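Subject: Structure for you to look at

Dear colleague,

I am passing on the structure we spoke about, and below it you will find my notes on what turned up when I went through it. Please read them with the structure open beside you.

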Amino acid sequence: MNKKSVLATCGFAALGLALVAVYMLTLAAPSEPVDFRGVRWGSGIGDASGLTPLAEDGNLKSYEKKNEVLKLEDVNLDKVIYAFYKDRFYQGIAYFRSEADLPKLKQILTRLYGDPVQLEQSTNKFFWNGENVSLLLSYDAQSGTGRVAYLYKPIQLELEIKK
């Protein structure tokens with residue numbers, strides 16, 4: 001994955017989550033994550049150990065973690081990306097390849113955060129809307145890739161206002 005595609009993916013995931021959140025303001029999930037794989041929302045880059053830069057575009061920076069265990073419970077992951085805006089953590093994306101992992105991930109996330117909203121009558125997109133954190137689970141059969149995108153809304157809102 002090259003730098004431009006990493007930034008574009010982070011941007012598209014954030015935009016998708018932000019747009020859905022606008023429509024889902026009254027349907028907050030019963031609980032939400034206080035961090036993403038041990039990195040607290042809003043924390044500085046220096047607060048997360050083992051990060052390796054992937055891409056940078058102005059105030060947006062994305063990283064991978066060295067020696068990261070690429071699993072979410074019993075689901076294998078391809079890659080995990082940590083995104084920062086103005087050096088504050090606001091987005092985490094976990095990528096997976098197997099369509100068979102989509103129902104497993106949905107079950108894990110539902111156990112943790114309650115029932116999702118299914119988007120666009122698609123069987124491959126699910127959304128959890130917390131007060132501060134939104135999650136989007138999606139799988140694209142055409143590209144053979146899926147992702148779980150976590151978005152910290154206070155910083156995403158700041159990013160959107162600055163555009």
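In this predicted model, eight strands form an open sheet with antiparallel pairing, and their order across the sheet is 3-4-7-8-12-11-10-9. The edges are taken by strand 3 and strand 9 (117-118), each of which has a single partner strand, so one side of each is left without a neighbour in the sheet.

Starting from the edge at strand 3, the pairing can be followed inward step by step. Strand 3 (residues 51-57) runs antiparallel to strand 4 (residues 60-65), and six bridges hold the pair in register; Asp 57 has Leu 60 in strand 4 as its bridge partner. These two strands make a hairpin with two residues between them, where Gly 58 adopts a positive phi near 65 degrees. Strand 4 is joined in turn to strand 7 by four bridges, again in the antiparallel sense, and here Tyr 63 stands opposite Tyr 82 of strand 7. Strand 7 then pairs with strand 8, antiparallel and over seven bridges, and Tyr 82 has Gly 92 of strand 8 opposite it.

For the chain as a whole, the secondary structure consists of three helices and 12 strands. Of its 163 residues, 47% are buried, and when contacts between residues at least 6 apart in sequence are considered, 58% of them join residues at least 24 apart.

What lies inside? In soluble globular proteins, nonpolar side chains tend to be buried together. The largest nonpolar core in this model has 36 residues, of which Leu 137 and Tyr 150 touch the most other members. Two or more residues are given to this core by each of strand 7 (79-85), strand 8 (88-96), helix 2 (101-113), strand 10 (125-129), strand 11 (133-140), strand 12 (145-152) and helix 3 (153-162). Leaving out residues up to four places away in sequence, Leu 137 touches a list of residues that includes Phe 96, Leu 102, Leu 105, Leu 109, Phe 126, Trp 128 and Val 148. Another core, of five residues, lies apart from the largest one, and among its members are Leu 54, Ile 81, Ile 93 and Tyr 95.

Two of the helices deserve a closer look. Helix 2 has 13 residues, which at 1.5 Å a residue should span 18 Å, and its end C-alpha atoms are indeed 18 Å apart, so the expected and computed values agree. Its buried residues are Asp 101, Leu 102, Leu 105, Ile 108, Leu 109 and Tyr 113, and because they fall within an arc of 130 degrees when seen down the helix axis, they line one face of helix 2. Pro 103, Gln 107 and Arg 111, on the other side of helix 2, are exposed. The buried residues of helix 2 pack against several strands, namely strand 5 (71-72), strand 6 (75-76), strand 8, strand 10, strand 11 and strand 12. After helix 2 comes Gly 114, with a positive phi near 90 degrees.

Helix 3 can be described in a similar way: Lys 153, Ile 155, Gln 156 and Leu 159 are buried, and since they cover an arc of only 160 degrees around the axis, they are on the same side of helix 3. On its other side, Leu 157, Ile 161 and Lys 162 are exposed.

Finally, there are two serines in loops that you may wish to find. Ser 43 sits in the loop between strand 2 (39-40) and strand 3 and is buried, with a relative accessible area of 12%. Its side chain reaches the backbone oxygen of Arg 40 at 2.7 Å, and, leaving aside neighbours within four places in sequence, Ser 43 is in contact with Phe 84, Asp 87, Arg 88 and Phe 89. Ser 143, for its part, belongs to the loop between strand 11 and strand 12 and is partly exposed, its relative accessible area being 42%. The side chains of Ser 143 and Thr 145 are joined by a polar contact of 2.8 Å, while Arg 97, although 46 residues from Ser 143 in sequence, is 9.2 Å from it in space, C-alpha to C-alpha.

With best wishes

Note on methods. Residues are numbered from 1 along each chain as its sequence is written. This is a predicted model: local features need pLDDT of at least 70, side-chain atom pairs count only at pLDDT 80 or more; totals for chains, interfaces and linings use all residues. Side-chain values use heavy atoms; hydrogens and water are left out. A nonpolar core is a set of buried Ala, Val, Leu, Ile, Met, Phe, Trp, Tyr and Cys residues joined through side-chain atoms within 4.5 Å. Buried means under 20% relative accessible area, exposed over 50%, partly exposed in between (1.4 Å probe, protein chains only). Contact means heavy atoms within 4.5 Å. The expected span of a helix is 1.5 Å times one less than its number of residues. The arc is that of the directions from the helix axis to the C-beta atoms. A polar contact is a pair of N or O atoms within 3.5 Å; within protein, one must be able to donate a hydrogen and the other to accept it, and residues adjacent in sequence count only if both atoms are side-chain atoms. Two strands pair if DSSP finds at least two bridges between them.
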